[in-house]
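Biologist: I should be grateful for a close look at one chain of this model, taken from its overall make-up down to a single residue.

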Amino acid sequence: MTAQTINIHQISKFCAIAIILHSAEFFFPTPIFGIKPGIANIIILFTYLKFNFKSAVYVSLIRVFISSLIIGTFITPTFFISLSGAIVSLIFLFLCQFLSHKFFSIYTFSMLMGLGHILGQFTIVRIFIIPDDGVYILFPLFLLLTFIFSLINAFIVSKLISPSN
Amino acid sequence: MKLFGYSMREILLLKLFKLGDFLIFFIFISIVIISLNFYFQLPKGDYLEISHGNETKQYTLMQNKTLIFDEIEVEINMGKAKIKKSNCSNQYCVMQGWISKINHSAVCIPNLFKMSIKSKTLSYDSTNY
């Protein structure tokens, strides 16, 4: 097998895990509609650290498309919210590459990705789905939860990536 | 007690973090606090605008009064207002409770009723921070 075949093999394996996590998360009971821990982001961040940015883009976008087909939300508002969140969080991940690795660890990466995710989702919701400024009332709550969940996710990634595993 | 191989002391002292992470951490926390602050420090409105059917009327907020429209009872109490009674089935308008800040509004869709708080000087949107 060539190096490229191995790479595609690995990426598809991570895609599968991300799709399972994303789909499972959809059926998770939540107290407020729309609040999810974002456990699929663990895999995105892990892929980025293990391989490179390009692989993370593949895994993230394939996850959004395939899991929406599985759940049955393809080309519905839910799908577009999910897609915009994924794209903006990838843009933030791309910008994170330029940060010094001496001072910034994966906690920063995870927090900024979470922030990007929430900003992308709110932009789409504000423009297309609920065109009213009232949606910003939910912003502080979502931001706080993003912060907590992204720290937990980063902690899990740090355990996955550690040399003992 | 150990969590994922780290002792509680290590986690509390944040040995897992690097210096830049603290920076992002505090920026994130301050964004949350600022956005919460903006929401709770909105200015109060001057008058109440009620539109019922095709009519729109204005009432001052600095009074204690109960207004009665056909099916709806509105209570104004020194700067705040609420829908007290309504004949609609879901009673969402009654559950909304007091409103007091600029551009906040209460609606009762079955009765085509809307009331919102306005200001003479400030016209920006209350929730747009």
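Modeller: The secondary structure of chain B comprises three helices and nine strands, where helices (H or I, at least four residues) and strands (E, at least two) are DSSP runs numbered from the N terminus. The model is a predicted one: local features need pLDDT of at least 70, side-chain atom pairs count only at pLDDT 80 or more, and totals for chains, interfaces and linings use all residues. Residues are numbered from 1 along each chain as its sequence is written, while chains are lettered from A and ligands numbered from 1 in the order in which they are written.

Read from the N terminus, the order of elements in chain B is β-β-α-α-β-β-β-β-β-α-β-β. Of the 129 residues in chain B, 15% are buried; a residue counts as buried with 20 or more other C-beta atoms within 10 Å of its own, as exposed with 12 or fewer, and as partly exposed in between, the C-beta atoms being placed from the backbone. Among the contacts in chain B with a separation of 6 or more, 32% are between residues 24 or more positions apart, a contact being two C-beta atoms, placed from the backbone, within 7 Å.

Strand S5 of chain B, residues 64-68, may be taken next. The number of buried residues among the five of S5(B) is zero, so this strand lies largely in the open. S5(B) runs antiparallel to strand S6 of chain B (residues 73-77), and five bridges join the two; strands pair if DSSP finds at least two bridges between them. Within this pair, B:Leu67 of S5(B) faces its opposite number B:Val74 in S6(B). The connection from S5(B) to S6(B) is a hairpin of four residues. In a regular strand, side chains alternate between the two faces of the sheet.

The residue chosen for a closer view is B:Ile99, which lies in the loop between helix H3 (92-95) and strand S8 (105-108) of chain B. B:Ile99 has 18 other C-beta atoms within 10 Å and is therefore partly exposed. Its C-alpha is 9.8 Å from that of B:Ile76, although 23 residues separate B:Ile99 and B:Ile76 in sequence. Setting aside neighbours within four places in sequence, the contacts of B:Ile99 are B:Lys80, B:Ala81 and B:Lys82, together with B:His104, B:Ser105, B:Ala106 and B:Ile117.
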